[in-house]
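Reader: I am new to reading structures. Please take one small part and look at it closely, then show me how the rest is put together.

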Amino acid sequence: MNATQHRVRSDSVVWIAWLPSTLLRTCQALTWRRAATVLILCLILSTQVLAQPDLFEHWSLDRIVEGWSYYFVELGLTGFAMLGGFALAESIVEGNGRRRAIAVGAALPASATLGYALAVTLLYSPGFSIFSWQFVGDTLRFAVLGGAVAFIYMLRRRSDAAAKATHETKVARQTLDRQTLEARLQLMEAQIEPHFLFNSLANVQRLYEIEPESGERLLENLKTYLRAALPQMREKRRSLASEVELARAYLEVLQARMGERLQFNVDVAAGLRDHPFPPMMVITLVENAIKHGIDRSPSGGTIVVRAHRNGERLTVEVVDTGIGFRGNSGKGVGLANIRARLHALFGGRAELSLCANEPSGVVAAIAIPVQ
């Protein structure tokens, strides 16, 4: 007996807690937008009274207005009752599944019956009976109309929810891709070309043994490069100026190693230096020009880093006078990485292009939209 009483008391507590929350959700579902929609639909449907043939010939304007107003109130009471039933069904059953459809399908005829019964009682009693076939037919007609409107609304809401979920998934995927790209980029920056550093240190040691002054100059250039490179690893926003200075420091180190075989010039106008620019791309083009162009040329060559703006596009070019296109030129990992990063950052609005430099060498150009 005690267990039964306890179970009944628990069920009562649950019911008492559930009822206010359901009523609150129902009231919240009765928004002004929904009420205005029902009112406009009732106004539109009520105009069918005015479409009767020879109406204005047999009835006075006062009687026509009176009949229309009665019919509009009849539709309004029934429509708002169905809106309340729909909101109650939404509050009881959450989600967009079959259970909600069944709840709405049961709530609409019931609320239409109550709303229409109230309307005919207030407007036409006692001349109109709610136990007549006319009442049943009118109620079914209102329920079908309300069901059609509710069906369209539920389909649209499901479509909006699916579109929102698709958009959120797309945004999450893009965010994940960007984070992956940033992680790869940070890994590239953290490495700072170890073989380049080891080769430079080996050259410092060799030059100190045979030409101490040249070794000291190379060491100073290497320190300059590291001072330019290391702080940028902590920066999230890069400017064209920082990328160009990093490339300049790199070229100074290489010039100390290669001597007269390497000449370079950096020509970037002051007005372009503050523009944001993707990190590690300029220096990748410079490395590529040294490795595949200048190093392979018996007489060495010259590298020019320059930039210009054309409308809403900023173009940075690395021009070399090396051996030019040979074999698989332009298909290296570094250039493929640049293309992939440009596509991830800008889509089809940015590009990497390669063309021959007359009389020898290659012009590598990165064009991005001005931000």
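Author: Start with Ser46, which lies in helix H2 (residues 32-46). This is a predicted model, and the values here are computed from it. Is Ser46 buried or exposed? Ser46 has a relative accessible area of 0%, so it is buried. Which residues does Ser46 touch? Leaving out residues up to four places away in sequence, Ser46 touches Trp68, Tyr71, Phe72 and Leu75.

Two of those contacts bring us to aromatic rings. The structure holds five aromatic pairs. One of them joins Trp68 and Phe72: the ring centres are 5.5 Å apart and the planes meet at 10 degrees, so this pair is stacked. The cut-off for stacked is an angle under 30 degrees. Both residues sit in helix H4 (residues 61-92). They are four residues apart, about one turn of the helix. Neither ring residue counts as buried: Trp68 is partly exposed at a relative accessible area of 26%, and Phe72 is partly exposed at 22%.

Now take another aromatic pair, Tyr116 and Phe135. Their rings are stacked too, at 5.1 Å centre to centre with 15 degrees between the planes. This pair links distant parts of the chain. Tyr116 belongs to helix H5 (residues 98-124), Phe135 belongs to helix H6 (residues 133-191), and the two are 19 residues apart. Are these two buried or exposed? Tyr116 has 2% relative accessibility, so it counts as buried. Phe135 has a relative accessible area of 6%, so it is buried as well. The cut-off for buried is under 20%. Phe142 joins Tyr116 and Phe135 in one aromatic cluster. Arg141 lies over the face of Phe142, 4.8 Å from the ring centre.

Stay with H5 for a moment. It has 27 residues. From first C-alpha to last, H5 reaches 38 Å, close to the 39 Å expected at 1.5 Å a residue. The buried residues in H5 include Arg100, Val104, Ala107, Leu108 and Tyr116.

Next, the nonpolar cores. The largest has 45 residues. Which of its residues touch the most other members? They are Leu240, Phe277, Ile303, Leu342 and Ile366. Helix H9 (residues 240-258) gives the largest share of this core, ten residues. Look at Phe277 on its own. Not counting residues up to four places away in sequence, Phe277 touches Arg238, Ser239, Leu240, Glu243, Val282, Leu314, Val316, Ile366 and Ile368. Apart from the largest core lies another, of 22 residues. Its members include Met82, Ala107, Phe135 and Ala150. Phe135 is thus a link back to the stacked pair with Tyr116.

One residue on the Phe277 list, Val282, is among the buried residues of helix H10. H10 (residues 281-294) has 14 residues. It reaches 19 Å from its first C-alpha to its last, close to the 20 Å expected at 1.5 Å a residue. How many residues of H10 are buried? Eleven of the 14 are, and the helix is mostly covered. Among them are Met281, Ile283, Thr284, Glu287 and Gly293.

Met280 lies in the loop between strand E1 (262-267) and H10. Its backbone deserves a glance. Most residues other than glycine have a negative phi, and most peptide bonds are trans. Met280 has a positive phi of about 65 degrees although it is not a glycine. At 15% relative accessibility, Met280 counts as buried.

Now the strands. Strand E4 (residues 351-356) and strand E5 (residues 362-369) pair in the antiparallel sense over six bridges. Ser353 has Ala365 in E5 as its bridge partner. The hairpin of E4 and E5 has five residues between the strands. There, Gly361 takes a positive phi near 105 degrees. Pro359 also lies in the loop between E4 and E5. The peptide bond from Glu358 to Pro359 is cis, with omega near 5 degrees.

Finally, step back to the whole chain. It has eleven helices and five strands. Of its 371 residues, 36% are buried. Take contacts between residues at least 6 apart in sequence: 70% of them join residues at least 24 apart.

Methods:
Residues numbered from 1 in each chain as written. Predicted model: local features only at pLDDT ≥ 70, side-chain atom pairs only at ≥ 80, totals over all residues. Heavy atoms only, no water. Phe/Tyr/Trp six-rings, centres within 6.5 Å; stacked < 30°, edge-to-face > 60°. Buried < 20%, exposed > 50% of the residue type's maximum accessible area, 1.4 Å probe, protein only. Lys NZ or Arg CZ within 6 Å of the ring centre and 35° of its normal. Expected span 1.5 Å × (residues − 1). Core = buried A, V, L, I, M, F, W, Y, C linked by side-chain atoms within 4.5 Å. Contact = heavy atoms within 4.5 Å. Pairing = 2+ DSSP bridges.
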